[in-house]
Amino acid sequence: LRYVALLWSEFVSEIRWFWEQGIRIPRMPPDDHDIDFRSCILHQKLQVLNHCIRRKVLAKTDPCIDLSCDEFDLSAIRDAQQSARELMEEHAGGDG
């Protein structure tokens, strides 16, 4: 379990980096495609995040885009990272 928590923590860190840099997550469908609801929930969430990254970047360059009602909050990502750290610490004594 410790290794899964480490993997998840690294994954979340990578995703956070893409968000902060305003770079689309690679190997995802182009933004002009709708969310594919036939895919797993994680893939759907990554597609949504790519749409959000696109809007965030557009908002910086286009004054007509109003994102005041949108929350670009990293608290969910921070919470996931903290949960992963806690799992790793909890299982640090075992083999996982």
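A residue is called partly exposed when its relative accessible area falls between the limit for buried residues, under 20%, and the limit for exposed residues, over 50%. This scale is applied below to a predicted model, beginning with the protein chain as a whole and then turning to two individual residues.

The protein chain contains three helices and zero strands, and its elements, read from the N terminus on, follow the order α-α-α. Of the 96 residues in the protein chain, 26% are buried. The accessible surface of the protein chain amounts to about 7,000 Å², and carbon and sulfur atoms contribute 57% of this area. Among the contacts in the protein chain with a separation of 6 or more, 58% are made by residues that stand 24 or more positions apart.

At the start of the numbering, Leu1 is found in the segment that comes before helix H1, which covers residues 2-21. Because its relative accessibility is 42%, Leu1 is counted as partly exposed. Together with Val4 and Leu87, Leu1 forms a nonpolar patch on the surface, and the accessible area of these residues taken together is about 250 Å².

A second residue, Arg27, is located in the loop that lies between H1 and helix H2, the latter covering residues 41-61. Arg27 is exposed, because its relative accessible area is 81%. The backbone of Arg27 also deserves mention, since this residue has a positive phi of about 65° although it is not a glycine. Most residues other than glycine have a negative phi.

Conventions. Residues numbered from 1 in each chain as written. Predicted model: local features only at pLDDT ≥ 70, side-chain atom pairs only at ≥ 80, totals over all residues. Heavy atoms only, no water. Patch = residues over 30% accessible without salt bridge, like charges linked within 9 Å, V, L, I, M, F, W, Y side chains within 5 Å. Areas by Shrake-Rupley, 256 points an atom, 1.4 Å probe, with all protein chains shown as cover. Salt bridge = Lys/Arg side-chain N within 4 Å of Asp/Glu carboxyl O. Helix = DSSP H or I, 4+ residues; strand = E, 2+ residues; numbered from the N terminus. Buried < 20%, exposed > 50% of the residue type's maximum accessible area, 1.4 Å probe, protein only. Contact = heavy atoms within 4.5 Å.
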